Amino acid sequence: MKHGILACLLGAALLAACSSSDDSKTANASGGAGSMGSGGAGGLGAGGAGHATPGSQEDLTQSAGDRIFFDTDRNTLNPQATATLDRQASWLQQYPQVNVWVAGNCDERGTEEYNLALGQRRAAADRDYLVAHGVQRTRIETISYGKSRPIDSASTPEAWAQNRNAITSVR
């Protein structure tokens, strides 16, 4: 009986430790939330206080932002993108053991071939900016998914704007 009560109290304590009312962790400074390729449940620091494990995908997303956005048919970096990339460069310099993927993405319009090439140019622009700001090129791999991995599958200008991005993921 005592073991059952102790187990219930321990379970309640664990659930309470995992809950948080901090809304700031659901949105990042780059205007997007979530992450790509982080896989797995974890990421919470010791005690489950809602802070990501240092050097993890969740930490990157919370601390620097994990994605930048592009204008239609462009791979040039706008001021919001460079601000996010500046934070990513600082974060990557803080964690020199961390390597990343940069995935370039496009909206649904255009041919598959065009979007794969544009996605690669977007990923390369992201990578080149990070390299120019002190991150070793060998730590960054790029890939293009073209239009095959949309964030928003709707066919609206708002959805297309979300899908024109480059996403940085810890690998």
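## Starting at E113

Let's begin with E113, which you'll find in helix α4. It's an exposed residue, with a relative accessibility of 61%. Now look across to K147: the two residues are 34 apart along the chain, yet their C-alpha atoms are separated by 9.7 Å. Keep in mind as you look around that this is a predicted model.

## The overall layout

Zooming out, the protein has 5 helices and 4 strands. Walk along from the N terminus and the elements come in the order α-α-β-α-β-α-β-α-β. The protein has 171 residues, and 37% of them are buried.

How much of the contact picture comes from residues 24 or more positions apart? Among contacts with a separation of 6 or more, such pairs account for 71%.

## Strand β2 and its partners

Strand β2 covers residues 100–105, and it's mostly tucked away: 5 of its 6 residues are buried. It pairs with strand β3 (residues 140–146) in the parallel sense, over 6 bridges. If you want a spot to look at, V102 stands opposite T142 in β3. To get from β2 to β3, the chain passes through helix α4 (residues 112–132), and this β-α-β crossover is right-handed. That's the helix where we met E113.

β2 has another partner too. Strand β4 (residues 165–170) pairs with β2 over 6 bridges, but here the sense is antiparallel. The place to look this time is G104, which faces A166 in β4.

## R139, a buried arginine

Follow the chain out of α4 and, in the loop before β3, you'll come to R139. Is R139 buried or exposed? It's buried, and yet it has no salt bridge. The nearest side chain of opposite charge belongs to D59, and that is 11 Å away. A salt bridge needs the charged nitrogen and the carboxyl oxygen within 4 Å, so D59, at 11 Å, doesn't qualify as a partner for R139.

What does the side chain of R139 reach instead? It gets to the backbone oxygen of P96, at 3.4 Å. Leaving aside residues up to four places away in sequence, R139 touches L92, Y95, P96, V98, N99, V100 and R171. One of these, V100, falls within β2, which spans residues 100–105. Another, R171, comes up again below, in a salt bridge with E141.

## Salt bridges

How many salt bridges does a search of the whole structure find? The count is 6. One of them joins D107 and R109, with their closest N and O atoms 2.8 Å apart. D107 counts as buried because its relative accessibility is 5%, under the 20% cut-off. R109 comes in at 34%, so it counts as partly exposed. These two also belong to a network of salt bridges that links D107, R109 and R164.

Another salt bridge brings together the side chains of R137 and D128, at 3.6 Å from N to O. Both residues count as partly exposed: R137 has 47% relative accessibility and D128 has 35%.

Then there's R171 with E141, where the closest N and O atoms are 2.8 Å apart. This pair ties together distant parts of the chain, 30 residues apart: R171 sits in the segment after β4, while E141 is in strand β3. R171 is partly exposed, with a relative accessible area of 39%. E141 is partly exposed as well, at 33%.

## An unusual angle at D73

One last stop: the loop between β1 (67–69) and α3 (79–94), which is home to D73. What is the phi of D73? It's positive, at about 60 degrees, although D73 is not a glycine. As for how covered this residue is, D73 is partly exposed, with a relative accessible area of 45%.

Terms used. Residues are numbered from 1 along each chain as its sequence is written. This is a predicted model: local features need pLDDT of at least 70, side-chain atom pairs count only at pLDDT 80 or more; totals for chains, interfaces and linings use all residues. Side-chain values use heavy atoms; hydrogens and water are left out. Buried means under 20% relative accessible area, exposed over 50%, partly exposed in between (1.4 Å probe, protein chains only). Helices (H or I, at least four residues) and strands (E, at least two) are DSSP runs, numbered from the N terminus. Two strands pair if DSSP finds at least two bridges between them. A crossover is right-handed if, with the strands pointing away from the viewer, the path from the first strand over the helix to the second runs clockwise. Lys and Arg count as positive and Asp and Glu as negative; His and the chain ends are not counted. A polar contact is a pair of N or O atoms within 3.5 Å; within protein, one must be able to donate a hydrogen and the other to accept it, and residues adjacent in sequence count only if both atoms are side-chain atoms. Contact means heavy atoms within 4.5 Å.
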